[in-house]
Structures are given as C-alpha cells and as structure tokens.
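Colleague: I should like to understand how the terms used for this model are justified. May I put some questions to you?

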Amino acid sequence: MQETEELFRSMARPAIWGIEPYDASTIEEPKIRLSANENNEGLPPSVLAAMRRALAGGNRYPDSRNTALREKLAACFSLRPEQIMTSNGLDGLFTMLGRAFLAPGDEVICGECTFGVYADTALIAGASVKKIPLGEGYGQIPADFAAAVGPATKMLFFCNPNNPTGTLADAASLRKMLEDIPPRVAVILDEAYFDFTGEDGSESFKLLEEFPNLIICRTFSKLFALAGLRVGWAAAHPGLLDYLYRVREPYCVTSVAEAGAIAALDEKEHLGKTCAAVAAERGKLCAALRRCGVGYIPSRTNFVLIFPRERYDGLAAAFAQKGIAVRGLSLRKERVMRISVGLPEENQQVEMALGEIFG
Ligand SMILES: *Cc1c(COP(=O)(O)O)cnc(C)c1O
C-alpha cells in the first residue's frame, strides 16, 4: 500500500503533488440544485431538437474548429470568426492557456476569492499565484490587479462579474487596468456570468482592437443551460489564438454540443425572459435575506453569496433537510454560502429554510 503510494507519487510531476482534485460530485442527487449556478429551467425544445438531429451524425468527427458556431458567435457579438476559439467548457480553455503560456517560475495573478480553476491552472504549470485582496464591498479592484504586476507575471485573471462574490467592476476601471498592464502579460477577462448583468454583451469585445494581450471568455454553461454539454469560447487576437490552437485538443467540442450551442444562440427572446426572471427572483431572495437579517453581497449574477455567521450549521442542516444543495465556501476564513437563484418554487423553499433558522 505504502509502496504503491510512493510509486505513484514518484511517477507524477512534483508540481501537482499539492493540488486537490476537483470533485463536485454528490452521492445523493439533491431535490433542488442551487450549488453550481446552472440554468434550472432546462433546455428549450429547439435546442434539444438540434442536438437530437446532430446525434445521428455521431459517427463523424466534428469540425475541429467549430466553424459554424464561431460564425454564429461572430454575427451575434460583432466579432470576426478568426477572433473566436471554442473549447471544452471554459475549463478546457484555461487548460490551453496554462499549456501555451505558463512555465515554472512564472507568476499568475487572480482574486483573493474567485474561481478556483485559475490558481490550479498556475499550479499545474509549476507557476506561482499572487492573490489580490477584495476591496470595499467585496468588489475586485482593477487598479489593485494592475499594481500587482511584477517582472515574473505572465498571466492575470479578472473574473467579471466575480464568482463567488457576484460583484461587477465597471468598464472604465477595467479599461484603465488594461492600459496599465504591460502587453507581455496575458489578461483573461472571465465573463462567464456577463449575460446576467443586463449590460451590453458586445461592449467588452471592442477592447480587443486596442489590447492584443486580452482574452475574453464566455460559456454556454450558465444562462445558455448547456453545462453538461461543455462549450466555452474565447475572443482574442487571431495571432494569440494561433498559439492556443497549437496546444488545443483537436476535437474538444463535440458535434452534438456545437449544434446545441448554435441553436441556443437563436433563443434570444427566451434567454431574455430567463435573465429577467433571474433578476426578479434574486431580488426576492435578497429581500428575504434582509428581512431575516442575513448578510449578503449584492449580486449581478444568478447567485448570491451569504454570511450565515454563527447560524451556518443550522442553515446548512435546514437546507439539507429540504434536499437543497448550495455551495459552501470560505471568505477570509469565514464560512459562507453561495446560493444559485433557482426557479420560483425552488427559491420559496430557500426562503422557508431561512425563515426557520433566522425568522
Ligand atoms: C462556471 C464558470 C466557468 C465556466 O465553466 P465551464 O462550464 O467550464 O464553461 C468559468 N468561469 C467561472 C467564473 C465560472 O463560474
């Protein structure tokens, strides 16, 4: 036993010895899943039908660069198809970034409390991580990120809106950050939740003309309801993407997933309604939190981070009792919960649990 453990350790690269494997699997399927910021409405029938049709062609390799999807995205967001790369979820894109740009000794900058995959991307490559503290109101301050760039910095992740705090940095301070960061640093703007902010979804792409080191990331996993199909995409300078293509798995987005993503982009009206419903339900959830005196961070996304403080365990038990899964996290050593905004009947259950513990 001991011997094989040592054997496997010696087989693995030392850089990965300290990394915790990502495992979000739950043994029991919860009745109400509010732990992964998914779209709980499910798939529109048109998207399901498109994927069923694509399934019949499953004997063929997909188009390796997903040209049809890139053309569709380009048309939707006023981009050129060459500025777009698809990936096996955004997680797949971060893998490519690490492989293409990072080496031992490099430094990666990201937020103090942000999406965990950024730090893992660095550690897997043997790079170090510099974490930038949250500012007042738990927002990420773009100027602090820019000021932290040093000679070893190769990559900087700015999640906007940030997961798990839900805060959005404004466009002017982001532009200033980009101006202040030397072009040798790859800046990754992760906009996985941008669809929920109500801001113009094409605006940040205009920055690409000015900043060749900028990589803007979006995903079909959240608003677009395709988390299980794994489609992410990045917009960046075609010359930069050329280096990512060198390390990209050739067929990382399946033909079924591509068909689903293309069909989802046609569901503008439906998605608009979903966004409005999420905003309305988030408002109700926050009102309930205020009534109960539970601290939370105002959110621009489909989740809210709450501070149950000394009643954390009680609330966790109340959620478990109702079959509600939420995400437990820590923020400056304090236990906090990230609750996805679900369907009205799901959110009612959340409010009931809150009422039981804080009412
Ligand atoms: C969910 C999420 C992603 C995307 O995940 P994929 O499913 O791999 O596309 C990326 N960044 C953040 C901050 C997320 O929360």
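Colleague: What makes the contact between the side chains of D91 and R230 a salt bridge?

Modeller: The model is a predicted one. In it, the N to O distance between the side chains of D91 and R230 is 3.4 Å. A salt bridge requires a side-chain nitrogen of Lys or Arg within 4 Å of a carboxyl oxygen of Asp or Glu, so the pair of D91 and R230 qualifies. D91 belongs to helix α4, whereas R230 sits in the loop between β7 and β8, so the bridge ties together parts that are 139 residues apart in sequence.

Colleague: Why is D91 called partly exposed?

Modeller: Its relative accessible area is 33%. Buried means under 20% and exposed over 50%, so D91 falls in between and is partly exposed. R230, at 27%, is also partly exposed.

Colleague: How do you know that K154 and D106 form a salt bridge?

Modeller: The closest N and O atoms of K154 and D106 are 3.8 Å apart. The limit is 4 Å, so this pair counts as a salt bridge. K154 lies in strand β5 and D106 in the loop between α4 and β3, so parts 48 residues apart in sequence are tied together.

Colleague: Why is D106 assigned to its accessibility class?

Modeller: D106 has a relative accessible area of 14%. The class of buried residues takes values under 20%, so D106 is buried. Its partner K154 has 30% and is therefore partly exposed.

Colleague: Why does M11 count as exposed?

Modeller: The relative accessibility of M11 is 60%. Exposed means over 50%, so M11 meets that condition. M11 lies in helix α1 and, with L7 and F8, makes a nonpolar surface patch of about 340 Å².

Colleague: What makes the approach of D190 to the ligand a polar contact?

Modeller: A polar side-chain atom of D190 lies 2.6 Å from a nitrogen atom of the ligand. Polar contacts are pairs of N or O atoms within 3.5 Å, so the D190 pair is one. S221 places a polar side-chain atom 2.6 Å from a ligand oxygen, and an N or O atom in the side chain of N163 is 2.8 Å from an oxygen of the ligand. The protein covers 94% of the 390 Å² of accessible area that the ligand has on its own.

Colleague: Which residues are closest to the ligand, and how many surround it?

Modeller: The ligand is surrounded by 14 residues, the closest being D190, Y193, T219, S221 and K222. Helix α4 gives the most to this shell, with three residues.

Conventions:
Residues are numbered from 1 along each chain as its sequence is written. This is a predicted model: local features need pLDDT of at least 70, side-chain atom pairs count only at pLDDT 80 or more; totals for chains, interfaces and linings use all residues. Side-chain values use heavy atoms; hydrogens and water are left out. A residue is near a molecule or strand if one of its heavy atoms lies within 4 Å of it. A polar contact is a pair of N or O atoms within 3.5 Å; within protein, one must be able to donate a hydrogen and the other to accept it, and residues adjacent in sequence count only if both atoms are side-chain atoms. Accessible areas come from the Shrake-Rupley method with a 1.4 Å probe; for residues, only the protein chains shown count as cover. Helices (H or I, at least four residues) and strands (E, at least two) are DSSP runs, numbered from the N terminus. Patches are made of residues with over 30% relative accessible area and no salt bridge: like charges are joined within 9 Å, nonpolar side chains (Val, Leu, Ile, Met, Phe, Trp, Tyr) within 5 Å. Buried means under 20% relative accessible area, exposed over 50%, partly exposed in between (1.4 Å probe, protein chains only).
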